[in-house]
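Reader: Hi! I'm in my first year and still learning to read these pictures. Could you take one part of this structure and walk me through it closely?

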Amino acid sequence: MWHVGAFDHTENDDARGYMYIIDMKFIGTELFRYVFSDLCVGSQYTFSAYIASIDKVSKGRKIPNVRFEVRNSLYENEVLAQFDTGEIGFFDQLTWLKYGVSFNPTTSSVVLLLLSNSEGVLGNNIAVDDIELHFCSSTLSNICLKG
């Protein structure tokens with residue numbers, strides 16, 4: 001049974017906003033892909049998102065699990081960082097949990113990915129909201145100087 005009438009995560013959203021609802025069936029399925037350019041090489045960033053299981057009950061359902069990956073955009077086999085959410089639990093009310101991974105880019109362009117880390121037909125359904133990339137270096141301003 002799914003949550004009905006639940007709201008997205010975005011705060012102060014009078015329009016009640018939008019969320020990305022996904023039925024994950026297979027391990028490794030790309031749920032989200034975005035190439036981000038003009039990063040400061042060597043600085044620290046955090047790639048994060050709010051994720052919720054949209055199923056209310058676990059009986060007979062596969063528990064969702066998502067992998068965050070950051071890859072070098074020139075050599076996509078080079079994984080710069082990854083994080084597995086682990087099992088995203090079931091709740092009586094839609095419950096948003098924030099997950100993310102920090103990384104230091106080796107090039108000015110990276111690929112941000114969310115991948116299915118579980119498979120199954122029953123259950124394995126999630127909602128995603130507020131996908132973000134944050135600059136978080138304490139030694140540099142958030143403006144890159146290019147020489």
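Author: Sure, let's take a close look at the inside, starting from one valine and working outwards.

Before we dig in: this is a predicted model, so local features need pLDDT of at least 70, side-chain atom pairs count only at pLDDT 80 or more, and totals for chains, interfaces and linings use all residues. Residues are numbered from 1 along each chain as its sequence is written, and side-chain values use heavy atoms, with hydrogens and water left out.

Find Val70 in strand β4, which covers residues 66-72; helices (H or I, at least four residues) and strands (E, at least two) are DSSP runs, numbered from the N terminus. Val70 has 0% relative accessibility, so it counts as buried. Buried means under 20% relative accessible area, exposed over 50%, and partly exposed in between (1.4 Å probe, protein chains only).

Who sits around Val70? Leaving aside residues up to four places away in sequence, Val70 touches ten others by name: Phe47, Glu78, Val79, Leu80, Ala81, Val101, Phe103, Val110, Val111 and Leu112. Contact here means heavy atoms within 4.5 Å. Leu114 is 44 residues from Val70 in sequence, yet their C-alpha atoms are 9.0 Å apart.

Two of those neighbours, Phe47 and Phe103, touch the most other members of the largest nonpolar core, which has 23 residues. A nonpolar core is a set of buried Ala, Val, Leu, Ile, Met, Phe, Trp, Tyr and Cys residues joined through side-chain atoms within 4.5 Å. Strands β2 (30-36), β3, β4, β6 (97-103), β7 (110-116) and β8 each supply at least two residues of this core, and β3 gives the most, with 4. There's also a second, separate core of 6 residues, including Tyr50 and Trp96.

Phe47 turns up again with the rings: ring pairs link Phe32, Phe47 and Phe68 into a cluster. Rings of Phe, Tyr and Trp (its six-membered ring) pair if their centres lie within 6.5 Å; planes under 30 degrees apart count as stacked, over 60 as edge-to-face and the rest as tilted. The count comes to 5 aromatic pairs. One of them is Tyr45 with Phe135, edge-to-face at 5.3 Å centre to centre and 80 degrees between the planes. That pair links distant parts of the chain, with Tyr45 in strand β3 (residues 45-53) and Phe135 in strand β8, 90 residues apart. Tyr45 is buried at 5% relative accessibility, whereas Phe135 is partly exposed at 25%.
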